[in-house]
Structure formats: C-alpha cells, structure tokens
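Me: Please take a close look at the surface patch in this model, and then set it against the sheets and helices of the chain.

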Amino acid sequence: MTNPRILVVDDEAVIREGIRRILEKEGCQVETKSSGRVALEKLQEDDFDLVITDLKMPGMSGIELLKAIRILQPDVPVILITGYSTVETAVEAMKNGAFDYLAKPFTPAQITEKVQKALDQRALLLSNPGQEESVLKDQGLGQLVGDSPQMGKVFRRILQVARTDSTVLISGESGTGKELVARAIQQNSPRKDQPFVAVDCTSLAESLLESELFGHIKGSFTGAVQTKMGLFKVADGGTLFLDEVSNISLTTQAKLLRVLQEREVTPIGGTKPIPIDIRLIAATNKNLKDMVADGTFREDLFFRLNIIPIDLPALRDRKGDLVPLVKYFLKKFSDEIGNEVRGLAPGAMAMLRKYTFPGNVRELENIIERAVVLSVGDLIEPEDLELPVSDGEGFAVEEDYVPRTTEELKEAKREVRERAVAPIERAFVLDALKRNDWNITKAAEEVGMLRPNFQALLKKQGISVRDRAVS
C-alpha cells in the first residue's frame, strides 16, 4: 500500500511523536491525536488505513474507541498499545476486534512489523470485498427507500451499528426519516423482539418530560396521585428513541447524562436507583456542535450521544431517489385508499422534479397521498399534486440534471417546453377573458377554441373567473 494513512492516538506526547517519526521514515502519512474523543471526531470526517491507540486514556479508553471504529470504519485494523501487559487485557482487546496488541516499551522494529502485517491484511480484505452492496435491500430496512449513494451510506451505517449497543445520534432536517432509521436499527439488532419506545422531546413541558423519562413516586409532587414507571424502565431490554433531543433543558441534560453514565434511573421523589438495560438512539434537526459552542447543550452529553453519528440527507440532495420514493408511496396509498392509480402523468413528474421539498420525504408522502385521493383517472395529473404553479418558494430549476434514459429525456424536453409555453398561454387566456368581460363562452368563441378546451387551459394555469384580480 502506497503512503498509507495512519492515525496515532495517545495522551502522552512523547509516545505519539515517537511513533510518528518511526512510521514517517517508512513512508507513512501519520496524524496524531491526544484523546479518544478528538480521534473519534476525526474518524467521523476522514478515512484512515490503520489506527494505533493507547489503551488507558482519560475520558474515552482505547477499548471504547476500538468499538466505535469497528462501526465507523469496520475494515480499518486497530493496534492497541498499553503499559499494562496482561493476558486478560490482550484477550479483551482481540475479542473486541483489535488486529494486534503491543506492550510498552517497544522497539521501532516491533512497531513497524505490526503495522506492516495490519496493512497487508487490510489490502487482502479490500481485494476480496464482500457482497454487502447486493444485499443491502434485503436487510429489512423498513420504510427506508432509496438507491442514491447518500442513502447507500446510511443503509451501511445502520447495518454496522445495529448489531452493537453503541449510542447513535441521527441528524437531519425535519421530515428526512430519523425515526424510520431508529426503527430500522432496532429491527436489525439483537433487541428486535424487545420494546421500542419513542419520545418526542418537543411535545412535553419540562416538568412532564422528566416524569415521563424517569418516572415518579406517588405524592412526590402535586398531581402525582400514583407511582408511575418512567419510559427508561418501560424500554428496559429494548431501545429508547429520544427525538429532537436538542430541545431538552440543561437541567434535564445533566440528569440524562447521569443515567447514561450509571445505567440506572432514580424516579422523581425516589431514593433508590433502578438499574436499566437499554439501547439509546437520539435524533436532532439542529447542529449540536453549534449548541455546545453557544452553551445551550452540554459538551459531555454531546460526546456521550455522538458515539456513532448518522447524517440523513435532505430530499433535495438525493433527487435520484425521487422515482423509487414516488413508486413506493403510490403503491402504499393506492392499496390503502382503494383508488387504483398506475402512475404519474409526465407533467406531474416534471413538477416534482423541480420542487425542492422543504418538508423532505414526509412532504412527498403527504403530496402523493393527497394526489391519490384527488385523482379521477388512473394517472395523477399536475393539478392533483396541488403544488404552486409559479417559480415561488419550493421550486428550483435543476440546471445540473442529466436524463439517464430515453424516457427521462422525453420528460425533460417536455418539461422545458411547458415552462417556455406557460407564460404565453397564461397571457393568452387572460387577455381573451379581459376582452370579453371574463365570459368564458365568449372568450373561447373569439379565440376559436371549444369551451371545454379553453376551460382546461384555465385550470392548467390556475386561473379562476371568480378572481378577476388575477394578472
């Protein structure tokens, strides 16, 4: 492997720099980090060929970092270095997926030998890739639909993290499907037959949220007429999903952090902690790093939540998934509503292609459901979508869109023609109506059109004779 990229993690500067000098002499590109948390952030942003990490470090240990790497970059070998050379430690490291184990003090020859073996194994694995790409769609990912590279990355991350108990933080705009991802993780995990408890952190007042999460003892506050089990305990053995976790107060954040650290909860008014066994998944539509910088979100809680990040792309950034999503929702609502619709008219699909979907996949789902209800034929027409006809909010011209099939080329050409003709048609019918005092019959006769055809043109342009202010 030419100029392999290696990440060295150790809280002792002398060790970091010593390894860096040894490996750079061997032609390696070496980057160093002083803590597991900082290294984890780097691994979320960048790819490496090998990670060398100390076992005992403040904050995040080498074993914790190793477990995270096994999910973030599973094909990257990890060598653990420690001054505590015991058989038990070595066994634990290898059991958690470490490639090898090296005790301090070590010689340059020892470290270069271990590194070369690890890189050789990685090269062998990469030359014989598995069939992951071909089986992604058969993994039971629920209602998650998409063929784009962006969603392929999300699917892979779901399957990697599902088999572990690591905490997951799902980020994405509203409507991108964060709860669907959480449920897909649960369904592909060893906890799939256990409870999945979802909590919307925006829907409850602060006092109620604490009671819901941690439970309370009868008489602990006004209105506590009976003892209530908290959702942390309800989810025991399964998965707890905290949606929009950015909305909880600093006080509740502190209590949540303690629960995650101690793996036990104390109900409001109670004195005895209750042990819990849960998998926590959190979601947010805000940038938690920015909130940490602003002082509105605890940094230590952010690190606890952000062990394994999953970033969901907005629908406007994955337009390649528009067709499979439309097909999925079309079948879903045709079956549910009983209105047999076989597809979209070219004009309707063209409108969806240039719409930016500020509400993301959830908005598309609502649009298709409404269209199936309103459609009177077996094809959804543009007016069934009830989208704005102007280039106002929500619309954008896709200048970089390139058709991939002859059918898509036909649709694209038809869309261009419609956009070019629309202003002329609109001016044509408005002028005819104004000349004839907004009498449709007279206007149609004057321009030489049948009344039904003239009315169809009015409907296409969204013009109503009841609103003479239209211009």
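Reply: A patch, in the sense used here, is made of residues with over 30% relative accessible area and no salt bridge, nonpolar side chains being joined within 5 Å. The model under discussion is predicted. On its surface, Ile337, Val373 and Leu374 form a nonpolar patch, and together these residues have about 240 Å² of accessible area. Val373 belongs to helix α16, which covers residues 360-374. The relative accessible area of Val373 is 51%. Because exposed means over 50%, Val373 counts as exposed.

Helix α8 offers a view of buried positions. Within this helix, residues 178-187, the buried residues are Lys178, Val181, Ala182, Ala184, Ile185 and Gln186. In an α-helix there are 3.6 residues a turn, so residues three or four places apart point the same way. The buried residues of α8 pack against one helix, α7 (149-162), and against the strands β6 (168-171), β7 (196-200), β10 (239-243), β13 (279-284) and β14 (308-311).

These strands make up a sheet. It is open and has five strands in the order β7-β10-β13-β6-β14, with parallel pairing. At its edges are β7 and β14, each of which pairs on one side only. On average, neighbouring strands of this sheet are turned by 20° against each other, direction ignored. Inside the order, β6 and β13 run parallel and are joined by four bridges. One residue pair can be named here: Val168 has Ile281 in β13 as its bridge partner.

A further open sheet, with strands in the order β2-β1-β3-β4-β5, also has five strands and parallel pairing. Its edges are held by β2 (29-33) and β5 (100-103); each has a single partner strand, so one side of each is left without a neighbour in the sheet. For neighbouring strands of this sheet, the average turn against each other is 20°, direction ignored. Strand β3, residues 50-54, pairs with strand β4, residues 78-82, over four bridges in the parallel sense. Asp54 stands opposite Ile81 in β4. Helix α1, residues 13-24, packs on this sheet and touches β1 (5-9), β2, β3 and β4. The direction of α1 makes about 175° with that of β2.

To return to the patch: Val373 of α16 is exposed, whereas Val181 and Ile185 are among the buried residues of α8.

Definitions and conventions
Residues are numbered from 1 along each chain as its sequence is written. This is a predicted model: local features need pLDDT of at least 70, side-chain atom pairs count only at pLDDT 80 or more; totals for chains, interfaces and linings use all residues. Side-chain values use heavy atoms; hydrogens and water are left out. Buried means under 20% relative accessible area, exposed over 50%, partly exposed in between (1.4 Å probe, protein chains only). Helices (H or I, at least four residues) and strands (E, at least two) are DSSP runs, numbered from the N terminus. Contact means heavy atoms within 4.5 Å. Two strands pair if DSSP finds at least two bridges between them. Axes are lines fitted to C-alpha atoms, for helices over the stretch in contact, and angles run from 0 to 180 degrees between N-to-C directions. Patches are made of residues with over 30% relative accessible area and no salt bridge: like charges are joined within 9 Å, nonpolar side chains (Val, Leu, Ile, Met, Phe, Trp, Tyr) within 5 Å. Accessible areas come from the Shrake-Rupley method with a 1.4 Å probe; for residues, only the protein chains shown count as cover. A salt bridge is a side-chain nitrogen of Lys or Arg within 4 Å of a carboxyl oxygen of Asp or Glu.
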